[in-house]
Amino acid sequence: MTKVTIFGTGNMGSAIGAIFPPGGADIEHVNTSTPTLATLGDVVVLAVPYTAIEGIVADYADQLDGKVVVDITNPLDFQTFELAVRGEGSGAAEIA
């Protein structure tokens, strides 16, 4: 059975989390109130603000290696509405 770890419990994290169980996947939601570092599933969904990605990658880098990572973040600076990534890069490239 596939285990899916979803970072984020907001609208998108909850909606995505509802998609997997009918297919037989186990779901684990991780948020800022999760008391300890979780053991990540086979699939990891990042449904958090882009600014949270750096901390998630730092905390879980060793577990993210070899996982399918689905990034639904928008790498925007919501103060200026400009991209928060360097040059011609992308949020997914920075996560990788």
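These questions and answers go through the sheet, helices, cores and salt bridge of a predicted model.

Me: What makes glutamate 28 and lysine 3 a salt bridge?
Reply: Their side chains meet at 3.3 Å, N to O. The cut-off is 4 Å between a side-chain nitrogen of Lys or Arg and a carboxyl oxygen of Asp or Glu, so the pair qualifies. The structure holds one salt bridge.

Me: Which parts of the chain does the pair link?
Reply: Distant ones. Glutamate 28 sits in strand β2 and lysine 3 in strand β1, 25 residues apart.

Me: Why is glutamate 28 called partly exposed?
Reply: Its relative accessibility is 22%. Buried means under 20% and exposed means over 50%, so a value in between counts as partly exposed.

Me: And why does lysine 3 count as partly exposed?
Reply: Lysine 3 has 28% relative accessibility. That class lies between the 20% and 50% limits, so the label fits.

Me: How do you know that β1 and β2 pair?
Reply: Five bridges join β1 (residues 3–7) to β2, and the two run parallel. Pairing needs at least two bridges, so the criterion is met. Within this pairing, isoleucine 6 has histidine 29 of β2 as its bridge partner.

Me: What is the strand order of the sheet?
Reply: β2-β1-β3-β4, in an open sheet of four strands with parallel pairing.

Me: What makes β2 and β4 edge strands?
Reply: β2 (26–30) and β4 (68–71) each have a single partner strand, so one side of each lacks a neighbour in the sheet. On average, neighbouring strands are turned by 20° against each other, direction ignored.

Me: How do the helices run relative to the strands?
Reply: Helix α1 (residues 11–19) lies across β1, β2 and β3, at about 170° to β2. Helix α2 lies across β1, β2, β3 and β4, at about 175° to β3. Angles run from 0 to 180 degrees between N-to-C directions, so both values sit towards the upper end of the scale.

Me: Which residues touch the most other members of the largest nonpolar core?
Reply: Phe7, Leu40, Val44, Leu46, Ile53, Ile56 and Tyr60, out of 14 residues. β3 (43–46) and α2 (53–64) each supply at least two residues. The largest share, four residues, comes from α2.

Me: What is isoleucine 53 in contact with, leaving aside neighbours within four places in sequence?
Reply: Leu46, Val48, Thr73 and Ile95. Contact means heavy atoms within 4.5 Å, so each of these residues comes within that limit of isoleucine 53.

Me: Which residues belong to the second, separate core?
Reply: Seven residues, including Val4, Ile6, Ala25 and Val43.

Methods
Residues numbered from 1 in each chain as written. Predicted model: local features only at pLDDT ≥ 70, side-chain atom pairs only at ≥ 80, totals over all residues. Heavy atoms only, no water. Core = buried A, V, L, I, M, F, W, Y, C linked by side-chain atoms within 4.5 Å. Buried < 20%, exposed > 50% of the residue type's maximum accessible area, 1.4 Å probe, protein only.
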